[in-house]
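Got your viewer open? Let's take a walk through this one together, one selection at a time.

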Amino acid sequence: MNAVALNEVLRHPGIWRRASSALPTLRAQPTGCAALDAMLPGGGWPLGALSEILVTRDGLGELSLVMPALAELTQRRRRVAFVAPPYIPY
């Protein structure tokens with residue numbers, strides 16, 4: 001992808017970058033952690049979007065970040081999907 005095409009993608013209102021001061025208006029699912037919600041655009045995990053959690057080492061509790069939101073969604077009979085998890089989630 002060339003730089004012009006990349007800049008066009010990054011200007012899309014649905015793309016948020018942490019370094020950006022402008023926060024888009026997003027529908028979000030609360031994470032279950034008020035401190036984390038305060039740092040995320042929209043106040044939680046964005047609905048209808050992909051969220052990727054990047055960690056330096058696997059197995060340090062990264063799944064605990066999403067479990068409260070997943071529990072809420074599944075209790076409301078909403079679908080959730082793990083795309084290519086490094087291990088089978090239990």
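Before the first stop, a handy word: two residues are in contact when they have heavy atoms within 4.5 Å of each other. Now look at the whole chain: among contacts between residues at least 6 apart in sequence, 24% join residues at least 24 apart.

A bit of housekeeping. This is a predicted model, where local features need pLDDT of at least 70 and side-chain atom pairs count only at pLDDT 80 or more, while totals for chains, interfaces and linings use all residues. Residues are numbered from 1 along each chain as its sequence is written, and side-chain values use heavy atoms, with hydrogens and water left out.

**Stop 1: the whole chain.** Switch to a cartoon view and you'll find three helices and two strands, arranged along the sequence as α-β-α-β-α. Here helices (H or I, at least four residues) and strands (E, at least two) are DSSP runs, numbered from the N terminus. Next, turn on the surface: the chain exposes about 7700 Å², and carbon and sulfur atoms supply 58% of it. That area comes from the Shrake-Rupley method with a 1.4 Å probe. How much of the chain is buried (under 20% relative accessible area, with exposed over 50% and partly exposed in between, 1.4 Å probe, protein chains only)? Buried residues make up 13% of the 90 residues.

**Stop 2: the core.** Select Leu36, Trp45, Val66, Ala69 and Leu70, the five residues of the largest nonpolar core. Such a core is a set of buried Ala, Val, Leu, Ile, Met, Phe, Trp, Tyr and Cys residues joined through side-chain atoms within 4.5 Å. Now centre on Trp45: leaving out residues up to four places away in sequence, Trp45 touches a list of residues including Arg27, Gln29, Leu40, Ile53 and Leu65. Core members Leu36, Val66 and Ala69 are also among the residues that Trp45 touches.

**Stop 3: the pocket.** Select Ser51, Val66, Leu70, Ala81 and Phe82, which lie nearest the centre of the largest pocket among its 36 lining residues. The lining divides into 24 nonpolar, five polar and seven charged residues. Ala, Val, Leu, Ile, Met, Phe, Trp, Tyr, Cys and Pro count as nonpolar, Asp, Glu, Lys and Arg as charged, and the others, Gly among them, as polar. Both β2 (45-46) and α3 (67-75) supply at least two lining residues each, and the largest share, three residues, comes from α3.

**Stop 4: past α3.** Select Val80, in the segment after α3. Is Val80 buried or exposed? Val80 counts as partly exposed because its relative accessibility is 36%. Leaving out residues up to four places away in sequence, Val80 touches Leu70, Leu73 and Thr74. Measure C-alpha to C-alpha from Val80 to Leu70 and you'll get 7.2 Å, though they are 10 residues apart in sequence.

**Stop 5: two unusual angles.** Most residues other than glycine have a negative phi. Select Arg77, in the segment after α3, where phi is near 60°, a positive value. Arg77 counts as exposed, at 77% relative accessibility. Then hop to Ala84, in the segment after α3: its phi is near 55°, a positive value in a residue other than glycine. Ala84 counts as exposed, at 69% relative accessibility.

Definitions and conventions
1 Å grid on protein atoms, 1.4 Å probe; cavity = no way out; pocket = protein on both sides within 12 Å on 5 of 7 lines; lining within 4 Å.
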